[in-house]
Amino acid sequence: MTDFHFLRPFWLLLILSLPVVILTLRHLRRGDSGWARVIPEKFLAPLIPSSGAHRQQMRSPMLPVTIGILLLSVALAGPSWRETPSPLSQSEDSLVIVLDLSLSMLATDLQPDRLTLAKRKIRDLLKARAGSLNALIVYAGDAHVVTPLTDDSGTIEAMLAALDPTIMPATGNRADLAIARARTLLANGAPGRGRILLMTDEVPDKYFSAIGETLESTDITLDTLVVGTTEGGPIPLAKRGFIRDNGQIVITRAHPRALASLASSNGGSSHLLTLDDADIDALGLRPDDSADARNADSEHTINRWQDDGYWLLWLVLPLLLLGWRRGAFAIIALSCLPLVPRPAQALDWNQLWQREDQRAPELIRQDPAQAAELLKNPMWRGTALYRSEAYEQAAKAFAEAQGADAEYNRGNALARAGKLQEALEAYDRALEQDPDMADAAANRQLVEEVLRQQQQQNKQDGQQEPQDEEDGPGQKQPSDKSGAKPGQNSEND
């Protein structure tokens, strides 16, 4: 018994509940339990007997309850004193995720933008591939390994928040360099077959041959996940407006056909990014337990401590039934009922002392998504939804309010949601009610220009994508009055 120990010793703390049970029963033995004020007497009588019968039955259930709790605590703690060999299993499905970090991934044709949705998809993919080997590479003008092959998905998830095109040392779209890095990772000891998942909106045609040559002499397959739409969208930059070329706003588009051709020529398949797991299932990115996991030979085993606590459960079961029959567990349940957490309500301490317009700014600053659920005023609720990047819902909330500010904020939300024509109509209604609203006029002009550029570029087929340029310092950004108080104007953000 020198090897005797508990696998989960914290369950022994359950023994500390015994004094609480004993004190509760003594309190009930002395008189009224207090539940008569809550539960009708005819329903309470079978649970807590009264007078002499009460005193006679209060002692009898304590022995089985005490022994039952002791045994249950020891069983859950996992007593163990022997080891048993367990075969090892190893994942044979290795995946390298290659993420495009060029400026085009900031386009807003997908809400809130392409890069944000790509990061969410990576998290979903890591969850679906728990226990398998995954790696992450990012690229723009050059390629960099974020994490090598690892079965620790938390390591990759921790790095996603810091990934942004602004951290890349060089701009560009060198997917060929990223694929070469991915091949190197898979060649350095990756078990089983190797796969590469390329998440991007476009790969220049001139790099197709280089990618094919990189993967030609290997059994590595290349899948592509298309991030973006064929209609495209502008590329916003913080405090600089939209990227322009010769004064024209650049509209960047995804090219699903070209990416599908690239994947097909390298043994893989392609799919558009979806909000659910349909793309993960279509590309077959989940590990196949039957094909990609193997049990090692009998000599490849590991000794694990055997949990023998389940044998004690056979002794606990009749004691629990005996205690239940004598009413002890009903008494315990009634005594512990006030400790059970109640369903959460949309009520906080400040709500008792402050008006909604007094506490709304702080709620929105702390957690916009939660604030949207708590706030009732459509202007404040719309502001919270806007700050949480739920632009379409924000537009619906602003539509419930009246006034020029509401129409202006609704126009901003519609513009962020990509509904430019509806945004123009909202700005027009705001200007009808307040012709002197300069912000609405400026934003209307900017959205109208973006819409015109989209319409012009949609008519051009086969035109070479212009070189990206940032807005000059004189370019006016879209104003944002979504943080205004209901019925009041505020300064631009």
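How many aromatic pairs does the count come to? It comes to 4, going by the rule that rings of Phe, Tyr and Trp (its six-membered ring) pair if their centres lie within 6.5 Å, with planes under 30 degrees apart called stacked, over 60 edge-to-face and the rest tilted.

A word on what you're looking at: this is a predicted model, where local features need pLDDT of at least 70 and side-chain atom pairs count only at pLDDT 80 or more, while totals for chains, interfaces and linings use all residues. Residues are numbered from 1 along each chain as its sequence is written, and side-chain values use heavy atoms, with hydrogens and water left out.

**View A. Aromatic pairs, with F4 and F6 up front.**
F4 and F6 make an edge-to-face pair, with 5.3 Å from centre to centre and 75 degrees between the planes. In the Y386 and Y391 pair, the ring centres sit 5.3 Å apart with the planes at 70 degrees, so that one is edge-to-face too. Back with the Phe residues, F4, F6 and W81 form one aromatic cluster. As for cover, buried means under 20% relative accessible area, exposed means over 50%, and partly exposed is in between (1.4 Å probe, protein chains only). F4 is partly exposed at 33%, and F6 is partly exposed at 26%. Y386 is buried at 6%, and Y391 is buried at 11%.

**View B. Salt bridges from the loop between β18 and α12.**
The model holds 16 salt bridges, each one a side-chain nitrogen of Lys or Arg within 4 Å of a carboxyl oxygen of Asp or Glu. One of them joins D307 to R8, at 2.7 Å from N to O. D307 is in the loop between β18 (301-305) and α12, and R8 is in the loop between β1 (5-6) and α1 (17-30), so this pair ties together parts that are 299 residues apart in sequence. (Helices, H or I and at least four residues, and strands, E and at least two, are DSSP runs numbered from the N terminus.) Both partners are partly exposed: D307 has a relative accessible area of 23%, and R8 has 35%. R82 also bridges to D308, with the closest N and O atoms 2.7 Å apart. R82 sits in the loop between β2 (79-80) and β3 (83-87), and D308 in the loop between β18 and α12, so here the tied parts are 226 residues apart in sequence. R82 is partly exposed at 35%, whereas D308 is buried at 4%.

**View C. A salt bridge inside helix α18.**
R410 and E407 are 3 residues apart in α18 (residues 404-416), about one turn of the helix. Their closest N and O atoms are 4.0 Å apart, and both residues are buried. Elsewhere, salt bridges with shared partners join D109, R114 and D201 into one network.

**View D. The two sides of helix α14.**
In α14 (residues 356-366), the buried residues are R359, A360, L363 and I364. They cover an arc of only 140 degrees around the axis, which puts them on the same side of the helix; the arc is that of the directions from the helix axis to the C-beta atoms. Those buried residues pack against α15 (368-374) and α16 (378-387), where contact means heavy atoms within 4.5 Å. Turned away from the buried side is the face with the exposed residues R365 and Q366.

**View E. A nonpolar patch on the surface.**
Y310, W311, L313 and W314 make up the patch, with about 510 Å² of accessible area together. Patches take residues with over 30% relative accessible area and no salt bridge, joining like charges within 9 Å and nonpolar side chains (Val, Leu, Ile, Met, Phe, Trp, Tyr) within 5 Å. Areas come from the Shrake-Rupley method with a 1.4 Å probe, and for residues only the protein chains shown count as cover. L313 is part of helix α12 (residues 310-325) and is partly exposed at 40%.

**View F. Two spots with unusual backbone angles.**
Most residues other than glycine have a negative phi, and most peptide bonds are trans. The bond from Q111 to P112 is cis, with omega near 0 degrees, and P112 lies in the loop between β5 (93-100) and α5 (114-128). E389 has a positive phi, near 70 degrees. You'll find E389 in the loop between α16 and α17 (391-399), partly exposed at 39%.
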